Amino acid sequence: MQIDIVSVFPEFFDSLHVSLLGKAQDSGLLDIATHNLRDWTHDVHHSVDDTPVGGGAGMVMKPEVWAECLDELLGLTAASTGVTPEKTASEKEKTTPSQSAAEEQQQPSGESLPGTVLIFPNPSAPLFTQQAATDLSKKQRLVFGCGRYEGIDARVPQYYAQRGVETREYSIGDYVLNGGEVAVYAMIEAITRLIPGFMGNPESIVEESYTGEPLLEHRQFTKPATWRGIDVPPVLTSGDHGKVARFRRDEALERTSRMRPDLIEKIETAALDKADRKTLIGLGWEVSSTHPRKRVPSPKHQ
Ligand code: SAM
């Protein structure tokens with residue numbers, strides 16, 4: 001997989017050369033290149049930002065410099081636009097709010113550069129999930145654009161999507177960072193460890209949180225069996241593989257029910273075995289419809 005990262009702080013990514021990511025680059029599984037956005041500026045100050053149109057605090061990253069950089073990295077020429085023509089004012093008037101929302105949600109086809117995805121971290125975008133990481137781990141090339149200040153001019157992702165480049169924006173959580181670098185780092189770690197051949201032991205990514213099913217993992221322990229007066233759960237030292245598997249599964253269901261009930265609601269009830277259902281019922285879930293639902297306590301038990 002080829003990964004390009006554009007940032008005004010490319011040195012932030014120096015540590016991508018250590019540990020498993022470093023090994024994957026040494027073995028040729030990954031090719032990561034960082035680029036300084038300021039290399040595409042033309043003024044003496046190498047400025048990449050300007051004041052927000054419409055007023056307000058902070059600065060916004062200029063579309064021209066981003067486009068010069070991304071056109072070059074993606075091998076697109078500014079002349080061969082192929083951009084979907086802008087809607088005329090009267091066409092815009094006829095667009096209903098639901099049409100605009102549908103257009104915004106549309107996944108670009110990626111017909112211009114098959115296998116390439118352009119990704120912008122953005123706190124006001126859909127959440128980056130394990131499912132997104134899995135999907136992106138199958139692509140040939142990822143190009144990340146790290147925002148700073150108040151973010152990148154919104155026309156930049158719109159423009160590349162219109163040019164047929166598969167373009168996505170992701171938030172890594174409901175909080176605001178200073179820049180996109182940390183978010184891109186997190187996404188790269190989550191994506192690359194799913195590439196076949198990346199992990200020394202591929203089994204280690206099979207039974208993790210969020211993988212396959214939307215469940216948090218059971219707790220993990222190592223030796224000694226008793227440490228500072230705290231024992232590991234005795235079943236784990238019993239040697240009974242069936243009992244160990246059931247204990248871990250029940251613990252995963254219990255922890256998810258307690259900490260992330262929203263994930264339990266996403267489980268397909270049909271995928272649950274008899275013992276899973278019994279555990280969930282005991283945790284206060286109804287398992288009669290397509291997805292588990294939290295039982296509403298009857299008034300006399302409240
Ligand atoms: N004005 C933006 C807002 O309120 O939504 C915040 C901009 S933030 C200070 C600057 C940049 O950091 C963003 O353009 C984005 O690249 C990155 N960023 C900040 N928080 C992020 C998050 N939770 N997920 C992904 N990227 C984030």
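Trainee: Where is Val182 found?

Mentor: Val182 sits in helix α7, which covers residues 181-192. Keep in mind that this is a predicted model.

Trainee: Why is Val182 called partly exposed?

Mentor: Its relative accessible area is 42%. Buried would need a value under 20% and exposed a value over 50%, so Val182, at 42%, counts as partly exposed.

Trainee: What makes the nonpolar surface patch of about 420 Å²?

Mentor: Phe9, Phe12, Tyr175, Leu177 and Val182 make that patch. A patch residue needs over 30% relative accessible area, and Val182 has 42%, so Val182 passes that cut-off.

Trainee: Let's go on to the helix α1 residue Ser19. Why is Ser19 called exposed?

Mentor: Ser19 has a relative accessible area of 59%. The cut-off for exposed is over 50%, so Ser19 earns the word. Helix α1 spans residues 19-26, and phi of Ser19 is near 55 degrees, a positive value in a residue other than glycine.

Trainee: Which residue has a positive phi of about 65 degrees?

Mentor: That is Tyr210, which is not a glycine either. Tyr210 lies in the loop between α7 and β8. Its relative accessible area is 39%, which falls between the 20% and 50% cut-offs, so Tyr210 is partly exposed.

Trainee: What else is found in the loop between α7 and β8?

Mentor: Pro224 lies there, with β8 covering 226-227. The peptide bond from Lys223 to Pro224 is cis, with omega near 5 degrees.

Trainee: Which residues lie nearest the centre of the second largest pocket?

Mentor: Tyr210 appears again here, together with Thr129, Gln130, Gln131 and Leu263. The lining has 18 residues, and about 550 Å³ of space lies in this pocket.

Trainee: Which helices each supply at least two residues of that lining?

Mentor: They are α5 (130-136) and α9 (261-264). Helix α5 gives the most, with three residues.

Trainee: How do the lining residues of the second largest pocket divide into nonpolar, polar and charged?

Mentor: There are six nonpolar, seven polar and five charged residues in that lining.

Trainee: How do you know that Cys69 is buried?

Mentor: Cys69, in helix α2 (residues 63-74), has a relative accessible area of 0%. Buried means under 20%, so Cys69 is buried. Cys69 and Thr41 are 28 residues apart in sequence, and their C-alpha atoms are 9.0 Å apart in space.

Trainee: And what makes Leu142 count as buried?

Mentor: Leu142 has 0% relative accessibility, and the cut-off is under 20%, so Leu142 is buried by that rule. Leu142 is placed in strand β6 (residues 141-145). The C-alpha atoms of Leu142 and Ile188 are separated by 9.3 Å, while the two residues are 46 apart along the chain.

Trainee: Why is the contact of Asp4 with Arg141 called a salt bridge?

Mentor: The N to O distance between these side chains is 2.9 Å. The rule asks for a side-chain nitrogen of Lys or Arg within 4 Å of a carboxyl oxygen of Asp or Glu, so the pair qualifies. Asp4 lies in strand β1 (residues 2-7) and Arg141 in strand β6, so the salt bridge ties together parts that are 137 residues apart in sequence. Both Asp4 and Arg141 are buried.

Trainee: What makes Asp135 and Arg168 a salt bridge?

Mentor: Their N to O distance is 2.7 Å, and the limit is within 4 Å, so the pair counts. Asp135 in helix α5 and Arg168 in strand β7 (residues 166-170) are 33 residues apart, so this pair links distant parts of the chain. Asp135 is partly exposed at 30%, whereas Arg168 is buried at 7%.

Trainee: Which other residue meets Arg168 in a salt bridge?

Mentor: Glu166 does, with an N to O distance of 2.7 Å. Glu166 and Arg168 are both buried. Elsewhere, salt bridges that share partners join Glu213, Arg246, Arg249, Asp250, Asp273 and Asp276 into one network.

Trainee: How many salt bridges does the count come to?

Mentor: By this rule there are 16.

Conventions:
Residues numbered from 1 in each chain as written. Predicted model: local features only at pLDDT ≥ 70, side-chain atom pairs only at ≥ 80, totals over all residues. Heavy atoms only, no water. Patch = residues over 30% accessible without salt bridge, like charges linked within 9 Å, V, L, I, M, F, W, Y side chains within 5 Å. Areas by Shrake-Rupley, 256 points an atom, 1.4 Å probe, with all protein chains shown as cover. Helix = DSSP H or I, 4+ residues; strand = E, 2+ residues; numbered from the N terminus. Buried < 20%, exposed > 50% of the residue type's maximum accessible area, 1.4 Å probe, protein only. 1 Å grid on protein atoms, 1.4 Å probe; cavity = no way out; pocket = protein on both sides within 12 Å on 5 of 7 lines; lining within 4 Å. Points joined across faces, edges and corners; volume = space filled by probe spheres on them. Nonpolar A, V, L, I, M, F, W, Y, C, P; charged D, E, K, R; others polar.
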